[in-house]
Each structure stands twice: as structure tokens, then as C-alpha cells.
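Okay, thanks everyone. I'd like to talk about charged side chains today, so let me put the structure up.

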Amino acid sequence: MDRIDRLLSRQLQSMNRHLAKEKKVLEQLLKEEKPEVILHDGMLHFFNKKELELIARLLPEENHRILMLPIYIELNSSKFGKGTARVCGISEVMVISKLLDKKAEGDEMFIYRPEIRIIRKKLPTTTQYMLTATLG
Amino acid sequence: MAELIESVNPTRMELLKLKTKVKLAKKGHRLLKEKRDALIVEFFNILEEARGIRRRAERSLGDAFIALILAQSTLGVLKVKEVGLAVKETHEVNTVTRSIMGVRVPVLEIENEKRTLMERGYSLSDTNYMVDEAAKKFEEALAAVVELAEVESSIKLLSQEIKVTKRRVNALENIVMPRLDATVKYIRMRLDEMERENFFKLKRIKTSQERKEAEATA
């Protein structure tokens, strides 16, 4: 890793301090009275219960133990292009595709700015932006 | 032409350092632009939400005050005031936060939003239906006002963050990057110039040496 990459990764770390230190599975969050996760900056992030219930309705019961929340919307304009984001994970893709009513298979899905807006509107606390960059 | 970075030595080492900085600035600029765009998307989402909520809050407050006036007209202003003093203040607002790209926005939740007649605390025998209606309408208005407070403070916090990010993007775009580019160009020009000078010097030395050799042989 050269100097630029080191500096850039440090910058990315500070820009992504709003991400969860440890994600939690949907099943566990549904049981909690005040569903929350600890963020990298040490603060607590609370999930809206209605959103969790909506996600639980969209997913089959067995996926409740797999889906890790919050769902990350990955932004990397140099890799995916401007205004494009990626969602990774089989259950995550399932939730997003059902919300957008869009066909998707596998563990990766690309969404575009108007779709990001819809997702963030429907799931403001259970999704988070993640900034990434291509090193090297 | 953009300004040059002050006290920079036109050396190859400096050129390499500056090239690294240009590369880093470009990547950082792209990242910040992404952050700004995402914040703007969030801002407009909340703004759209706020319009409806403000209208709803204004309407429910209007309805509540009409209900209060009606109650005052049937029971009298003093009696309604007396009833008001007897009401238990049990509404609690829970404040939690959620993070939007590092911006902590509040999430306000009102506990025990709608109370029953008995929970309100005033005497039912001394009052009438109008008072109950006014109390109910004010409870509804309170919920709408809390919702409005959440959304409006989110807008305020997000707009501040957008402003800061925009300023950083603009500083990189209009000051830092052009300055770095101009300095790189200047160093390149200086190095080329130095190379030409050296070449010319060598050529002159060679000619003078040749001349001296020719004179010596002659």
C-alpha cells in the first residue's frame, strides 16, 4: 500500500464513522425493545420498529437469521459510475429488489439515484450509505 | 492562470511529491462529491416530507384552537383555564438519534400520545363535551408539532453539513487542484528549461574544447 492509498483509506475511515461497528441480525433486532447498534464513532443508532417489521414481512422467515442490519448502500463513482450504488448480500438484495419491484438475482445489485431515493425514503434507519474508493 | 504553491523548489523530487498530491486530491474530491450528492438526496427527501407535515401541523393547531374557543364559549374562559390547570402533564418526548452520513439527526417519539378521559385529570362532572374535544385536538396537534420539530431540525442539520461539504468540494475544485496543477506545470517547465540550459552549456563547452584542440594542433 503506497502513501496515497494509506491517506485515502484514513480519509475513508473518517468519512465512514457513521457505519455500525457490528451489524445485527434482523431476528435479534425484532426482539429488542429499542433496536440499536453501536457506530464506529461510539454513538448509538436506533432502528425504527416499523421498518424492521416491513423488512420482516418482505423476507421469508429463514432469512431473518441471515439478514444483517443496517443494509449498506455502497457508493463508489470511480468503480460503478456517478449516481450508481451497490447493495451486497443475498437477503439484502432480496429486500431491496422487493421494495423497488425490480428483478435481481445473486448477492449483488446495482441501484441508481432515483431508486436510492426511494429506498432511503422507505428505510431511513435500516439502510446506510457507505463510501468506498478504489485503491491503487 | 491559477496561483502557484509558495516556496516550491523546481526539482524532480518535488514534482513526484506534487503528482502524488494531485492524485490524492482528485480521489478525495470524488469522495466528497459523492458525500455531497448523497446528503442532497437525503435533504430533498426530508424536505418533501416536511411540507406535508407542516401543513398537517398548521391544520391540527387551527382545529385545536377552534375547539378551545368553542369550549370557552360554552363554559367561560375562566372555567376552561381552571380545567387546564387540573390537567396532568404526562406527555414525555423520547429523543433518540439516527445517523445520516455522520450527521446526527433527532428522532422524537411522543409517549402516551392519546390519553383517555380519565387520564387527562380534570373533573368530568364540571366540564362538557367541548372541553374533551379541545383536549383531544390539542393532543393531536402536539403529536404533529413534535413530528414537525423532528423534521425541521433534521433539515437544519443536514443543510449545515451540505454547506460544509460543498465548501470543501469547491475549495478542492477551484483552489487546491488548480494550484497543484499549475505548480506541476511550472516545475515541468522549469525542469525542461534547466535541461535546455544544460544542453546548451555542454554544447558550448564542447565547441570551445574543439576550438582549443584545433588551435593546439595548428
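Quick definition before we start: partly exposed means a relative accessible area between the buried class, under 20%, and the exposed class, over 50%. And keep in mind that this is a predicted model.

So take E58(B): its relative accessible area is 49%, so it goes down as partly exposed. Its salt-bridge partner is R54(B), with the closest N and O atoms 3.4 Å apart. R54(B) is partly exposed too, at 36%. Both sit in helix α1 of chain B, four residues apart, about one turn of the helix.

Now, what does K35(B) meet in a salt bridge? That's E161(B), at 3.1 Å, N to O. Here K35(B) is in helix α1 of chain B and E161(B) is in helix α4 of chain B, so the pair ties together parts 126 residues apart in sequence. K35(B) is buried, at 9% relative accessibility, while E161(B) is partly exposed at 23%.

Over in chain A, E108(A) and R86(A) meet at 2.8 Å, N to O. That one ties strand β7 to strand β6, 22 residues apart in sequence. R86(A) is buried at 13%, and E108(A) is partly exposed at 36%. Add E74(A) and you have a network of salt bridges linking those three. Over all chains, the search finds 18 salt bridges.

Last thing: there's a surface patch of positive charge, made of R3(A), R6(A), R10(A), K17(B) and K21(B). Helix α1 of chain A gives the most to that patch, three residues. One of the patch residues, R3(A), is partly exposed at 48%.

Technical notes:
Residues are numbered from 1 along each chain as its sequence is written. Chains are lettered from A and ligands numbered from 1 in the order in which they are written. This is a predicted model: local features need pLDDT of at least 70, side-chain atom pairs count only at pLDDT 80 or more; totals for chains, interfaces and linings use all residues. Side-chain values use heavy atoms; hydrogens and water are left out. Patches are made of residues with over 30% relative accessible area and no salt bridge: like charges are joined within 9 Å, nonpolar side chains (Val, Leu, Ile, Met, Phe, Trp, Tyr) within 5 Å. Accessible areas come from the Shrake-Rupley method with a 1.4 Å probe; for residues, only the protein chains shown count as cover. A salt bridge is a side-chain nitrogen of Lys or Arg within 4 Å of a carboxyl oxygen of Asp or Glu. Lys and Arg count as positive and Asp and Glu as negative; His and the chain ends are not counted. The place of a charge is taken as NZ of Lys, CZ of Arg, CG of Asp or CD of Glu. Helices (H or I, at least four residues) and strands (E, at least two) are DSSP runs, numbered from the N terminus. Buried means under 20% relative accessible area, exposed over 50%, partly exposed in between (1.4 Å probe, protein chains only).
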